[in-house]
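Please open the structure in the viewer and keep the sequence panel at hand. The tour below proceeds selection by selection, with a short account of what is found at each stop.

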Amino acid sequence: MVMLEEKPSHPLDAYMRTDRLPHIWCPGCGIGIALQQFLWAVKELHEEGKLDPNKIVFATGIGCTGRASGFVKFDTAHTPHGRAIPFAVGVKLANPSLIPIVFSGDGDIASIGGNHMMHAARRNFDMLVIMVNNMTYGLTGGQLAPTTPHSVYSTTTPMGNPESPIDATKVVYSISPNFVARMSITHPNLIRDTVKKALLMKGFRWIEVLSTCPEIFGRHINMRDPYELYSRLKKVVKFKKVASANDIKYDWNSEITCGVFTEKNDPSYMENYLSMYGLKEKLGVLSP
């Protein structure tokens with residue numbers, strides 16, 4: 001009798017293109033943790049009957065995080081650099097029943113795509129944006145990113161970063177869309193809970209996820225060991241409730257404030273658009 005070897009499976013296999021594995025991310029990279037928690041959130045909402053994964057359109061830009069679109073089993077698009085958000089806008093305008101998700105890195109969203117980020121938030125446009133922030137351009141060799149901490153070495157600032165970094169979450173918070181949060185891969189269950197909450201809301205929803213990059217960012221700050229960099233990130237992450245933008249800190253040497261900063265239910269762009277342009281009958285098919 002021939003004993004067939006049982007193929008191991010994972011609870012998230014149904015949401016993955018397993019034939020594309022192994023993935024391209026380096027050992028110790030935090031992008032996989034962020035993606036895994038997103039998929040757990042989708043799976044749990046699906047099983048609770050609150051979300052149809054077939055409605056998800058998963059858009060990414062260029063960079064390490066942008067490779068995620070090749071690994072997930074949704075309708076996906078790997079868009080040009082910085083253009084994942086306008087792609088998601090087009091998806092929602094064309095078919096209001098779809099659920100656009102933008103999953104991309106800090107260089108893609110906060111730099112090249114920064115203008116799109118601000119105006120999608122201003123419009124309270126119906127999409128969920130998850131920005132994974134590893135504080136560097138990792139895929140292209142460690143150039144200076146807009147999120148790189150002050151004075152840190154990069155391949156384009158060999159004497160140290162002379163600039164102050166942008167706090168993208170603080171920028172979005174100041175624009176005041178429906179949902180703004182910052183999480184960290186050091187607290188994965190909180191990422192999952194936050195994504196579950198945001199997926200069921202309408203309007204613009206923003207989640208920044210702080211991540212580790214020991215191969216590039218860690219090497220630049222002499223923390224190549226993944227556990228050492230993970231511990232350093234965990235030390236600087238502070239979960240707080242905030243009363244104003246001034247309470248949100250982005251300082252690699254003292255505090256990066258995390259938490260859910262805004263949660264409200266203002267009318268979304270699509271609700272306003274459909275109501276004002278004689279298309280109220282489509283409000284019934286509008287997904288988050």
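Begin with two helices of this predicted model: select α4, residues 114-122, together with α5, residues 168-175. Their axes lie 9 Å apart and the helices pack at an angle of about 30°. Because angles under 35 degrees count as roughly parallel, α4 is classed as roughly parallel to α5. Viewed along the line between them, the crossing of α4 past α5 is right-handed.

Next, display the side chains that make this contact. On α4, select M117, M118, A121 and R122; on α5, select A168, V171, V172 and I175. Colouring the contact by residue class gives 7 nonpolar residues, 1 charged residue and no polar ones.

The second helix pair is α1, residues 31-47, and α6, residues 188-199. Here the axes come within 8 Å and cross at roughly 50°. How are α1 and α6 oriented to each other? They are oblique, because 50° falls outside the ranges for roughly parallel (under 35 degrees), roughly perpendicular (65 to 115) and roughly antiparallel (over 145). The crossing of α1 and α6 is right-handed.

To view the contact itself, select I33, Q37, F38, W40, A41, V42, E44 and L45 on α1. Then add P188, N189, I191, R192, V195, K196 and L199 from α6. By class, the contact of α1 with α6 comprises 10 nonpolar, 2 polar and 3 charged residues.

Remain on α6 and centre the view on R192, which belongs to this helix. Is R192 buried or exposed? With a relative accessibility of 17%, R192 counts as buried, since the limit for that class is under 20%. Apart from neighbours within four places in sequence, R192 is in contact with Q37, W40, A41 and E44. These four residues also appear among those that α1 brings to its contact with α6.

Now move to strand β5, residues 179-184, and select S184. S184 is buried, and its relative accessible area is 0%. Which residues does S184 touch, once those up to four places away in sequence are set aside? They are I191, V209, L210, L233 and V237. I191 has already been displayed as part of the α6 side of the contact with α1. Add T186 to the selection as well: the side chains of S184 and T186 are joined by a polar contact of 2.6 Å.

Continue to K202, which is placed in the loop between α6 and β6 (204-210). K202 counts as partly exposed, at 26% relative accessibility. Select S268 alongside K202 and draw the C-alpha to C-alpha distance: the two residues are 66 positions apart in sequence and 6.2 Å apart in space.

For the final stop, keep S268 displayed and select G28, in the segment before α1. The C-alpha atoms of G28 and S268 are 38 Å apart, and the residues are separated by 240 places in sequence. G28 is partly exposed, with a relative accessible area of 34%. Setting aside residues up to four places away in sequence, G28 touches T212, P214 and P226; display these three to complete the view.

Technical notes:
Residues are numbered from 1 along each chain as its sequence is written. This is a predicted model: local features need pLDDT of at least 70, side-chain atom pairs count only at pLDDT 80 or more; totals for chains, interfaces and linings use all residues. Side-chain values use heavy atoms; hydrogens and water are left out. Helices (H or I, at least four residues) and strands (E, at least two) are DSSP runs, numbered from the N terminus. Buried means under 20% relative accessible area, exposed over 50%, partly exposed in between (1.4 Å probe, protein chains only). A polar contact is a pair of N or O atoms within 3.5 Å; within protein, one must be able to donate a hydrogen and the other to accept it, and residues adjacent in sequence count only if both atoms are side-chain atoms. Contact means heavy atoms within 4.5 Å. Axes are lines fitted to C-alpha atoms, for helices over the stretch in contact, and angles run from 0 to 180 degrees between N-to-C directions. A crossing is left-handed if the near helix is turned anticlockwise from the far one by less than a right angle, and right-handed if clockwise. Ala, Val, Leu, Ile, Met, Phe, Trp, Tyr, Cys and Pro count as nonpolar, Asp, Glu, Lys and Arg as charged, and the others, Gly among them, as polar.
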